[in-house]
Amino acid sequence: MDNNRRVNIPLYVLASILFGLKTYIVYRFALSIELDNIMQEAILFINPFVSAFLFFAISVWFSKQSRQMKFIRYSAVIGSVIIYFNLVFYRSFTDFITVPQLFQTSNAADLGTSVLTLVEWYDLAFFIDAIIIWMISKRFTDRVAVDYEKSGKVFALSMSLVLLAGNFFLAEMERPQLFTRAFDREYLVKNIGLFNYHVYDIAVHSKVKTQRVFADGNELPEIQQYIHDKVRGNERSELFGAAEDKNIIFISAESLQTFVINNEVNGETITPFLNELTEDEDTYYFENFYHQTQQGKTSDSEFITENSLYPSSRGAVFFTHGENEYHAMPEMLEEKGYETSVFHANNKSFWNRDQIYQSLHIDEFYDVDSYEITDENSVGWGLKDKEYFEQSIPYLQSLDQPFYSKFITLTNHFPFELDEEDMSIDRYDSNSNTLNSYFPTVRYMDEAIEEFFADLKDAGLYEDSIIVIMGDHDGISANHNKAMSMYLDKDEITPYDYIQLQRVPFFVHIPGHGEGKVMDEVAGQIDIKPTLLHLAGIHTSNDIYFGNDLFHDDRKGYIAMRNGDFVSDDYISTNGICYDRGSGEVIASQSDELEEDNVCTPIKDKVELELDYSDQIIYGDLFRFVDFDPEPEH
Ligand code: GP9
Ligand code: MN
């Protein structure tokens with residue numbers, strides 16, 4: 001080594017700074033990444049440098065100077081190209097590249113034709129850092145290459161890992177369960193950076209692909225037999241075809257739980273409109289209807305509803321298995337001549353909706369870009385529900401009928417923010433801000449739905465439609481049990497109470513029907529697909545699903561939760577305790593010797609088998625082996 005040479009600043013450090021800075025500028029100014037607070041800004045600023053350092057620091061392990069320089073230069077070029085591809089992709093799709101999207105021919109074709117219009121001359125600026133790095137590496141090799149002892153190399157490596165851990169720690173603090181829930185690519189990118197996001201995406205993708213490769217369809221006969229013997233009931237309920245050729249308007253009501261229905265807060269009614277519906281002669285109201293979602297929240301509720309399959313126990317199946325072959329409700333409605341759409345004023349990549357909606361056969365997704373959103377008409381998560389419904393009406397009018405349209409509301413979302421002028425009832429007063437704020441936003445959503453009904457009438461759409469309303473999942477988690485017990489006037493929230501709190505309202509409103517009533521049987525989101533398809537007069541005897549038609553008595557008699565808990569006609573099993581459903585009395589508990597074999601055990605076994613079958617279908621992408629023939633006419 002030449003002892004006289006001056007090492008100014010090692011190139012791997014300089015490259016990390018230049019490349020990190022460029023990446024930050026791209027994040028900040030070329031992509032429209034939303035930042036809600038200082039913490040997010042800080043993380044977004046840190047992560048480009050962390051990932052750049054992580055990579056460039058590998059170079060110190062090359063002892064030959066020329067190799068070291070080569071590694072840094074090519075890394076800078078390849079890294080720049082990756083950023084640039086993402087940028088061009090983002091200009092077209094407002095989304096980041098995923099492995100499956102890269103190989104999706106339709107996307108590639110879309111990009112292919114329009115790619116030139118997406119490239120700007122000033123894009124060259126995105127390569128300036130790479131050019132500088134290239135030049136320095138060639139000209140000043142002596143000054144910028146390092147020759148570390150082993151300890152120096154280990155130090156560089158440790159340093160990069162410490163930085164990475166720090167970044168992940170902050171990210172996890174800002175977004176708990178960022179990795180397991182994986183709800184939005186934009187969130188991932190802004191928290192862990194574009195490159196780490198790609199590594200994560202490749203890891204998830206490879207895992208999914210491996211499981212898929214090992215499936216060959218031989219699993220299916222056993223599953224089909226089980227469904228035939230143990231799940232499927234008679235499809236001919238009295239209501240079969242009652243909504244034939246009518247539009248289906250499905251409202252997914254954010255975080256709406258059953259405990260607010262026909263209830264009061266501070267002496268005031270919480271949901272006057274929905275309460276009215278529970279007694280309405282055109283409405284069936286299901287008071288023992290459970291959500292069955294897990295980490296995927298709204299996306300899980302959509303998944304269960306459209307497919308009558310169970311969600312994943314970890315993460316969001318919308319994300320992990322968005323490319324699977326499905327045989328979802330929209331597809332079956334489409335075959336019957338329906339136009340299918342979703343209205344949701346959020347960014348389309350949230351929960352990977354833009355991708356999985358294609359697999360579910362949703363023709364049109366009216367996402368955030370379809371709405372006029374201003375500071376005045378938004379609160380919390382975005383566009384206020386009343387505005388959202390109002391702005392949706394013209395789109396709805398433009399659809400070919402019959403249509404199946406799903407509306408996903410947003411205002412009643414944690415942390416339940418609401419402007420003073422939109423508050424018709426007062427907040428509750430307890431130690432939980434969340435529960436306190438929940439009531440006024442629920443009321444706001446109730447009013448929004450009422451206005452939507454009126455608008456549908458004005459638009460002439462009401463008579464030819466059925467309107468379904470469902471709470472997507474709970475809004476008040478167990479963290480607020482203390483406040484909840486105060487509100488419900490109970491000493492404590494037991495596991496039994498807690499599972500009963502997982503009830504969400506479900507309404508089927510059929511204008512002019514006249515035979516509506518309150519339905520008290522145990523029901524759940526898994527039942528929606530067969531129920532609605534039968535209402536629309538669509539046969540399901542060749543289909544594969546785990547729910548029942550709620551208008552038929554011929555049913556399984558239990559609702560399985562994703563974690564293996566269940567609610568049956570007579571029993572509830574949760575937390576290892578077997579309860580009597582009616583009285584809430586404990587029949588057997590974990591500490592009990594009876595636990596191994598009690599009245600809950602046979603149902604529990606079925607629940608576990610069913611969840612496993614559903615997982616096999618999803619992980620193995622088994623529907624690709626099934627030919628869902630058009631139903632024979634009966
Ligand atoms: C986001 C909305 C809310 O698009 O669906 O999602 P959540 O946090 O309830 O799953
Ligand atoms: Mn939700």
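The following exchange concerns a metal site and a helix pair in a predicted model.

Local features in this predicted model need pLDDT of at least 70, and side-chain atom pairs count only at pLDDT 80 or more, while totals for chains, interfaces and linings use all residues. Residues are numbered from 1 along each chain as its sequence is written, ligands are numbered from 1 in the order in which they are written, and side-chain values use heavy atoms, leaving out hydrogens and water.

Student: Which residues are the protein donors of the manganese ion (ligand 2)?

Tutor: Donors are N, O and S atoms within 2.8 Å of the metal (3.2 Å for Na, K and Ca), and water is not among the atoms, so sites may look incomplete. The protein donors lie 2.1 to 2.4 Å from the ion, and Glu254 is listed with OE twice. The residues are Glu254, Thr298, Asp472 and His473.

Student: How many residues apart in sequence are the parts that Thr298 and Asp472 tie together?

Tutor: Thr298 belongs to helix α14 (residues 297-307), whereas Asp472 sits in the loop between β11 (465-471) and α20 (481-487). Helices (H or I, at least four residues) and strands (E, at least two) are DSSP runs, numbered from the N terminus. The pair therefore joins parts separated in sequence by 174 residues.

Student: Is Glu302 buried or exposed?

Tutor: Glu302 is found in helix α14. Buried means under 20% relative accessible area, exposed over 50%, and partly exposed in between (1.4 Å probe, protein chains only). With a relative accessible area of 2%, Glu302 is buried.
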